[in-house]
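Me: Could you walk me through this structure? I am new to reading such models and will ask as I go.

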Amino acid sequence: MEAFVESLLEELECNVVFEFSIWNGGRVQVLESVVITWVIMAILIILSKILVRNLTIENPGKKQIALETGIGYLYDFFCGLMGEHGKRYVPYMITVVIYIGVANIIGLFGMKPPTKDMNVTIALALMSIVLIEFAGIRQKGVKGWAKSFAEPVAIVAPINVLEIFIRPLSLCMRLFGNVLGAFVVMELIKLCIPVIVPAVFSCYFDIFDGLIQAYVFVFLTSLFIKEAIE
Amino acid sequence: MTSLVAVGAGIAVLSGAGAGIGIGIATSKAVDAIARQPEAQGKISSALLLGCALAEATAVYGLVVAILIILLLK
Amino acid sequence: MLKIDFWNIVFTVINLLVLYWAMKKFLIGPITAIMDKRKELIESQLAHAAETEKAALQLKTDYERDLGNAKEESREIVEKARDDAKAEYDRIVKEADEKASAIITKANKTVELERQKTLQEMESEIAGLALAAAAKIMNDKQDNDTALYNKFLAKAGDANDTAGN
């Protein structure tokens, strides 16, 4: 049991891959999650470079039809959620959903999911809240944005201000907790029954749950953006 | 001390009960809705999925707190 | 896992921004561009098809109208030809009639003239004959019976008339 706890902690820990000094003498440690994010980025960019090659307007191949269907579905989904004014944020949402989706199921390929590191989810949530407030300011102007805190009545303004902090916290913790929980449960299952059964549960915890969490993350972000630009 | 930590972690995980009840109610309502309007199944399913994911978040918070208790108070 | 590190958050933010840029440039941009292009193409083709159909319909009505006109025209032509032919026929017949009647008249005239001529010839011959007969009678019979002579003359003339005709 002790050995298992040790190995579990070892698995949960996000290792420092390398570190370097910066100008003021401090040490910057680059964590595993960042490196794996680089790997994911490289995979995604190379894949998209390969897949987007030879696109034709007439007589698209199977590959292109699949690609267009997928991207078109995501595009329409986010357009429907955020409306006409939110169209400019659709590419970011697609990027995030692809990134989180890949990050959540990369555990299948033997790498630690970057979303298991809280730094990554914090960064994602921070970017989401910045984007939400930026969208609100862009749409309504600084004055209108500031006024929107006092809606529907002025007394709820503190709660609305608090929401700026609650929303990213909730986004961040939801993603992190789900991935972590799935990871821990999977480790326990692997400990109890090492064959076949983990494969079945992996379908749920790694693939289904991972994709659902990616969906929920971008869904909520788009919902908040829609609310901000209305 | 160790046993107390374990009890604390167990209590934190009890939050999963709330999530279970919530998801159960949501699913039963969704089944009702689908039975009443089978043609709206797609929309109901996606709404249910989202609701379940949100309700599940509370259970996940409990899990996170339990893990934190175990790891930090050990 | 739970260690919150400022630099790693910054790195992740930078990573995400770079990924966003790359995805927009390499994946979403080209695909949406090509989808838009295809949409445009299809719309233009649809518009083109509608236009062509309209033109075809226009052409069809034109043809139908022309066809109707042509029928009308052909009927008119036929009518006209018939009229012309009839007029020609009438004219020819009339001309023939005229010619025929002219010929007949001429023939009649000729016959009449001939007859007159013959009559005259006959009359003169008869007169000669009568003269000869009269001279004979006068020679035979001394008394010149004028009344008898006249009677004879009338009789002979009448008999000659019937024969001449």
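The chat below takes the chains, their contacts, the core and some single residues in turn.

Me: Before anything else, what kind of model is this?

Reply: It is a predicted model. The predictor gives the complex an ipTM of 0.88 and a pTM of 0.72.

Me: How do the chains score on pLDDT, say chain A?

Reply: Chain A averages a pLDDT of 85, and 100% of its residues score at least 70. For chain B the average is 87, again with 100% of the residues at 70 or above. Chain C averages 84, and 88% of its residues score at least 70.

Me: Which elements of chain A have the lowest and the highest mean pLDDT?

Reply: Helix α1 of chain A, residues 2-12, has the lowest mean at 75, and α4(A) has the highest at 91. Among the elements of chain B, the lowest mean belongs to α3(B), at 83, and the highest to α2(B), at 93.

Me: What is chain A built from?

Reply: Chain A has seven helices and two strands. Read from the N terminus, the order of its elements is α-β-β-α-α-α-α-α-α. Its C-alpha atoms fill a box of roughly 60 × 55 × 45 Å along the principal axes.

Me: And what share of its contacts join residues far apart in sequence?

Reply: Among contacts in chain A with a separation of 6 or more, 64% are between residues 24 or more positions apart.

Me: What about chain C, how many helices and strands are there?

Reply: Chain C has two helices and zero strands. Of its 165 residues, 7% are buried. In chain A, buried residues make up 34% of the 230 residues.

Me: Now the contacts between chains. Which pair has the most?

Reply: Two pairs of chains touch, and the most contacts are between chains A and C. That contact takes 29 residues from chain C and 38 residues from chain A. On the chain C side, the residues divide into 21 nonpolar, four polar and four charged.

Me: How many residues does the contact between chains B and A take?

Reply: It takes nine residues from chain B and ten residues from chain A. The chain B side consists of nine nonpolar residues, with no polar and no charged ones.

Me: How far apart are chains B and C?

Reply: No contact joins chain B and chain C, and their closest C-alpha atoms lie 9 Å apart.

Me: Let us go inside. Which residues touch the most other members of the largest nonpolar core?

Reply: This core has 62 residues, and A:M93, A:I94, A:V96, A:V97 and A:Y99 touch the most other members. Several elements each supply at least two residues of the core, including α4 (90-105) of chain A, α3 (41-72) of chain B and α1 (6-140) of chain C. The element that gives the most is α4(A), with eleven residues. As background, nonpolar side chains tend to be buried together in soluble globular proteins.

Me: So is α4(A) mostly covered or mostly uncovered?

Reply: It is mostly covered, as 15 of its 16 residues are buried. From its first C-alpha to its last, α4(A) reaches 23 Å, close to the 22 Å expected at 1.5 Å a residue.

Me: Which residues does A:I94 contact, beyond its sequence neighbours?

Reply: Leaving aside neighbours within four places in sequence, A:I94 is in contact with A:L74, A:Y75, A:F78, C:M23 and C:I28.

Me: Changing topic: where does α6(A) bend?

Reply: Helix α6(A) bends by about 35° at A:E163. This helix, residues 157-192, has 36 residues and reaches 51 Å from its first C-alpha to its last, close to the expected 52 Å.

Me: What is the phi of A:I196?

Reply: A:I196 has a positive phi of about 60° although it is not a glycine. Most residues other than glycine have a negative phi. A:I196 is found in the loop between α6 and α7 of chain A.

Me: Is A:I196 buried or exposed?

Reply: A:I196 is exposed, because it has 8 other C-beta atoms within 10 Å, and a residue with 12 or fewer counts as exposed.

Me: One last residue: why does B:E39 count as exposed?

Reply: B:E39 counts as exposed because it has 7 C-beta neighbours inside 10 Å. B:E39 is found in the loop between α2 (15-36) and α3 of chain B. The C-alpha atoms of B:E39 and B:A17, which are 22 residues apart along the chain, are separated by 32 Å.

Key
Residues numbered from 1 in each chain as written. Chains lettered and ligands numbered in written order. Predicted model: local features only at pLDDT ≥ 70, side-chain atom pairs only at ≥ 80, totals over all residues. Contact = placed C-beta atoms within 7 Å. Nonpolar A, V, L, I, M, F, W, Y, C, P; charged D, E, K, R; others polar. Helix = DSSP H or I, 4+ residues; strand = E, 2+ residues; numbered from the N terminus. Expected span 1.5 Å × (residues − 1). Bend = angle between axes of the 7 residues up to and from the residue. pLDDT = per-residue confidence, 0-100. Buried ≥ 20, exposed ≤ 12 C-beta atoms within 10 Å, placed from the backbone. Core = buried A, V, L, I, M, F, W, Y, C linked by C-beta atoms within 7 Å.
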